[in-house]
Amino acid sequence: MPLRAKVTNPAFKASSMSTSANTKELPGDEADDVLFNSIYGLRSIELNRPKKLNSLNGSMARKILPRLQEWEKSHLANIILISGAGDKALCAGGDVAALALQNEKGIEGQKASTDFFGLEFQLDHLIATYSKPVISFMDGITMGGGVGLSMHAPFRIATERTVFAMPETTIGYFPDVGGSFFLPRLDGETGTYLALTSTRLKGVQTLSAGIATHYLHSSVLGSVTQRLSELVFHDSVALPERLDAVNKTMAEFSVGVPQNGNQILGGKLRAAIDRCFGFDTMEEIFAALEKEKETNEKWAQDTLETLSSRSPTSLKVTLRQMRLGKKWDIAETFKREHQIAANFMRHPDFVEGVKARLISKPPRQAEWQPATLEEVSQEAVDEFFKAPEGVAPLELLNKTTYQQYPHERFSLPSEHAIEEVVRNKRMSQTETVKHFVERWGQKEGVAEKVSSVLGQRTKQGENGLTWV
């Protein structure tokens, strides 16, 4: 499919060229829902449904997948950039309203919805294992399917307009698109908290939480795009060197890390999250939040009310997903999530949740089935993690896998990395912060993140810091 003449990213208006790919469009696919652009060695994927906040559908995925495969083989394509048209969203999620209406048609509709998730997960896994640098501009709303297009890329650029969330329990579903992999690997129980409550992170908060790798002002994204297009790599240059060059280019456009609201998941709130969300059953989490009201009444009560409005089935399945996902590699993650998604397509809560929260005007409280946690049995939760009858195992497009993200050095240091240094180096706080700032190449935000973690989790002793 040739490139369309319409180009919304200003960095490409001066110079663009056509490329082609062996796409397989189906009846009803939209012609201009994705724009593919080229400028020197940069290849751009621009999601182009701004009126729907660039929500991802099958038509878009069917175009993006073969284009990525083509570019991976091309010596002319050096860097892949994913962005969204307009200034409101990269991608607000999958087009779940269409899926819910499709599901109401019965088994065939549910199968078609399951097939969409399979296609989406193949795309996400391809990005996660791509052999060239991939950059995602998380400018604006980045939720659900938009997170899948971003979170597995080596470079995830947040701006002052970024709004991140995994809101799936709100609609009777579960945090998919690789949420089983990246959420349990965030600091402490923050991933469990984000998965169950759908809490939103804004702007620089995504950087400190480990979601974004860089924070830039939205006004420089056009210049960043142009600068990235100028990077030239000889064929012999290996991927790590290419990634380092991209990382240094991002640093050229840094405007500093805002301090206000940076550590939303830090301090006393972070301690409360770890206390309340470290359990393996929802009943224990609810009990811990009730106890937390003694010292942190407003947050605990607000969180209880939030969880009480969610699908009980979604909550229990999601909590199990968070615990199991810690052990899944990236390939198993998408294969297992495909099974879970197929089971949710057959469960009444998904259609009810989407209709209640997204289709009804004004939104209403969903009527979940079952309606209480007590009614959701262990056996019912177990069924979501089994292959449903008639659904073939998901076949990924390559065999590449890993247990940890291979490019974590571009994010801020994780709490686990900080703990290892504290336990092994026995340095002072000043020395520890300096160690990480130097090791991370003077990356902005490192000193603030390390200082915050050390302030919460360590004590100064005669022989250096001690991890508490």
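Helices and strands in these entries are DSSP runs, numbered from the N terminus. I am working from a predicted model.

**Entry 1: backbone at Leu 53 and Gln 442**

I began with Leu 53, which I located in the loop between β2 (42-47) and α1. I read a positive phi of about 55 degrees there, although Leu 53 is not a glycine. Its relative accessible area is 26%, so I entered Leu 53 as partly exposed. I then turned to Gln 442, which has its place in the loop between α18 (429-439) and α19 (446-457). Gln 442 is likewise not a glycine and has a positive phi, of about 65 degrees. With a relative accessibility of 54%, Gln 442 counts as exposed, because the cut-off for that word is over 50%.

**Entry 2: cis peptide bonds**

I looked next at two peptide bonds that lead into prolines. The bond from Lys 361 to Pro 362 is cis, and I noted omega near -5 degrees. The bond from Gln 369 to Pro 370 is also cis, with omega near 0 degrees. Pro 362 sits in the loop between α15 (348-359) and α16 (378-383), and Pro 370 is found in the loop between α15 and α16 as well.

**Entry 3: the six-stranded sheet**

I traced an open sheet of six strands, in the order β1-β2-β3-β5-β7-β10 and with mixed pairing. At the edges I found β1 and β10 (214-215), each of which pairs on one side only.

I then followed the pairing through β5. Strand β3 (residues 79-84) runs parallel to β5 and is joined to it by three bridges, and in this pairing Ile 82 stands opposite Ser 136 of β5. With strand β7 (residues 155-158), β5 pairs over four bridges, again in the parallel sense; here the bridge partner of Ile 135 is Phe 155 in β7. From β7 I went on to β10, where two bridges hold a parallel pairing, and where Ala 158 has Tyr 215 as its bridge partner.

Is β5 enclosed by the rest of the structure or not, and why? I found that five of the five residues of β5 (residues 134-138) are buried, so the strand is largely enclosed by the rest of the structure. Both of its faces are covered, with Val 134, Ser 136 and Met 138 buried on one side and Ile 135 and Phe 137 buried on the other.

**Entry 4: helix α12**

I took up helix α12 (residues 297-308), whose twelve residues reach 16 Å from the first C-alpha to the last, close to the 16 Å expected at 1.5 Å a residue. The residues I listed as buried in α12 are Trp 299, Ala 300, Thr 303, Leu 304 and Leu 307. Viewed down the axis of α12, these buried residues fall within an arc of 130 degrees, so they line one face of the helix. On the face turned away from that buried side I found the exposed residues Glu 297, Lys 298 and Ser 308. As for what covers the buried residues of α12, I noted that the cover includes α6 (190-197), α10 (267-276), α11 (282-292) and α13 (312-325).

Within α12 I singled out Ala 300, which counts as buried at 0% relative accessibility. Once its neighbours within four places in sequence are left aside, Ala 300 is in contact with Leu 289, Glu 292 and Lys 293. I also looked up the C-alpha separation between Ala 300 and Cys 276, which are 24 residues apart along the chain, and it comes to 9.2 Å.

**Entry 5: aromatic rings and charges over them**

My search of the whole structure for aromatic pairs returned 17 of them. One of these pairs is formed by Phe 36 and Trp 71, edge-to-face, at 6.0 Å centre to centre and with 75 degrees between the planes. The pair links distant parts of the chain, since Phe 36 lies in strand β1 (residues 34-39) and Trp 71 in helix α1 (residues 58-73), 35 residues apart. Phe 36 is buried, at 2% relative accessibility, and Trp 71 is buried with a relative accessible area of 2%. Over the ring of Phe 36 I also found the charged end of Arg 67, 4.2 Å from the ring centre.

Elsewhere I noted Arg 185, which lies over the face of Phe 181 at 3.7 Å from the ring centre. I closed with a cluster in which ring pairs link Phe 116, Phe 117, Phe 121, Tyr 173, Phe 174, Phe 334, Phe 344, Phe 350 and Phe 384.

Terms used. Residues are numbered from 1 along each chain as its sequence is written. This is a predicted model: local features need pLDDT of at least 70, side-chain atom pairs count only at pLDDT 80 or more; totals for chains, interfaces and linings use all residues. Side-chain values use heavy atoms; hydrogens and water are left out. Buried means under 20% relative accessible area, exposed over 50%, partly exposed in between (1.4 Å probe, protein chains only). Two strands pair if DSSP finds at least two bridges between them. The expected span of a helix is 1.5 Å times one less than its number of residues. The arc is that of the directions from the helix axis to the C-beta atoms. Contact means heavy atoms within 4.5 Å. Rings of Phe, Tyr and Trp (its six-membered ring) pair if their centres lie within 6.5 Å; planes under 30 degrees apart count as stacked, over 60 as edge-to-face and the rest as tilted. A charge sits over a ring if NZ of Lys or CZ of Arg is within 6 Å of the ring centre and within 35 degrees of the ring normal.
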